[in-house]
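Student: Please take a close look at a single part of this model, the second largest pocket, and then follow the chain outward to the helices and loops. I would like each term given with its cut-offs.

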Amino acid sequence: VHGVASFPLAPLLALMNNILEIRIDSWKLTTQFRRPVAAKAHSIGIWQEILNGMAILSVVTNAFIVAFTSDMIPRLVYYYAYFVDADLPMSGYINNSLSVFQISDFPEKHKPEQNTGKFTSCRYRDYRYPPDHEKQYMHTMQFWHILAAKMAFIIIMEHVVFIVKFFVAWMIPDVPSEVKAKIKREKYLTQRILHEYELNKLKQKLFEGRTCASMEKEVLASEGIVE
């Protein structure tokens, strides 16, 4: 389900909706409508590929949502690489995640109108060098570390989900073993019926050929023609 990271109850609600819809459709098909004509189908056709594509796309989108909208990865990077106090590794995280911007660096048309001069700088959520640094307002190395950690998280999450998906698909086959056995028996019975039909048809042709030959001999004998 797309967007499950932003709304975790979506899969549960979708499951409840599908169960309710299946029961309602079964009630309508068995009591309200004529019985549909059964037709064989090898699979659901192109919908199988469409559903697989949607599943892959949902995993990718959810991984990006978790990586770029949550505060989990920046906190982990700060916890393991940029902590200040070993006893309290998360102390100072808020101050570390806020960059400084000099109000005087605003363009004239974007400067605050109600600033009385008491405030000379402001803080914003980003990882950039301060105004007095030689790399003024450029991204710090911590920003690139966090970005690399986010991309690594996306790749790892995708692979873990796909491995679990393939394992579950291997554990639960699309066609149960009992159904496979019935399909094989149906094919065997069909081949047997066709074989018996062809055999009976051949016997009938041979019998008709012998009958015609015997009748021809009787006609020749009645006319006094001896071979």
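Tutor: Helix H6 (residues 177-222) supplies the largest share of the lining of the second largest pocket, namely three residues. Here helices (DSSP H or I, at least four residues) and strands (DSSP E, at least two) are runs numbered from the N terminus. The model is a predicted one, so local features need pLDDT of at least 70 and side-chain atom pairs count only at pLDDT 80 or more, while totals for chains, interfaces and linings use all residues. Residues are numbered from 1 along each chain as its sequence is written, and side-chain values use heavy atoms, with hydrogens and water left out.

The lining of the second largest pocket consists of Lys40, Ala41, His42, Ser43, Gln48, Asp174, Val175, Val179, Ile183 and Glu186. A pocket is an open set of points on a 1 Å grid over the protein atoms alone, where a 1.4 Å probe fits and protein lies on both sides within 12 Å along at least five of seven lines, and lining residues have an atom within 4 Å of a point. The space in this pocket is about 370 Å³, a volume being what is filled by probe spheres set on grid points that are joined across faces, edges and corners. By residue class the lining divides into four nonpolar, three polar and three charged, where Ala, Val, Leu, Ile, Met, Phe, Trp, Tyr, Cys and Pro are nonpolar, Asp, Glu, Lys and Arg charged, and the others, Gly among them, polar.

Turning to the whole chain, there are six helices and two strands, in the order α-α-α-α-β-β-α-α along the sequence. Of its 227 residues, 13% count as buried, which means under 20% relative accessible area, with over 50% called exposed and the range between partly exposed (1.4 Å probe, protein chains only). Among contacts (heavy atoms within 4.5 Å) between residues at least 6 apart in sequence, 54% join residues at least 24 apart.

Two of the helices can be compared with an expected span, defined as 1.5 Å times one less than the number of residues. The 31 residues of helix H5 (residues 141-171) should span 45 Å, and the end C-alpha atoms are indeed 45 Å apart; for the 24 residues of H2 the expected span is 34 Å, and its end C-alpha atoms are likewise 34 Å apart. The buried residues of H5 are Gln142, Ile146, Lys150, Ile154, Glu158 and Phe162, and they pack against helix H2 (46-69), helix H3 (72-81) and helix H4 (93-96). In an α-helix there are 3.6 residues a turn, so residues three or four places apart point the same way. On H2 the buried residues are Ser58, Val59, Asn62, Ala63 and Ala67, which pack against H3 and H5.

An unreviewed UniProt entry annotates residues 50-69 and 151-172 as "transmembrane region"; its positions follow the numbering used here, feature names are shortened, and annotations may be inferred rather than shown by experiment. In the model, residues 50-69 are 100% helix and 0% strand, whereas residues 151-172 are 95% helix and 0% strand, with end C-alpha atoms 32 Å apart.

Within H5, Gln142 is buried because its relative accessible area is 7%. Beyond residues up to four places away in sequence, Gln142 touches Tyr78, Tyr82, Asn96 and Tyr127, and its C-alpha atom lies 8.7 Å from that of Tyr78, although 64 residues separate the two along the chain. Ser97, in the loop between H4 and strand E1 (98-102), is buried at 2% relative accessibility, and outside its neighbours within four places it contacts Tyr124, Arg125, Asp126 and Tyr127. Finally, Tyr137 sits in the loop between strand E2 (121-125) and H5, where its phi is near 60°, a positive value in a residue other than glycine, and its relative accessible area of 17% makes it buried.
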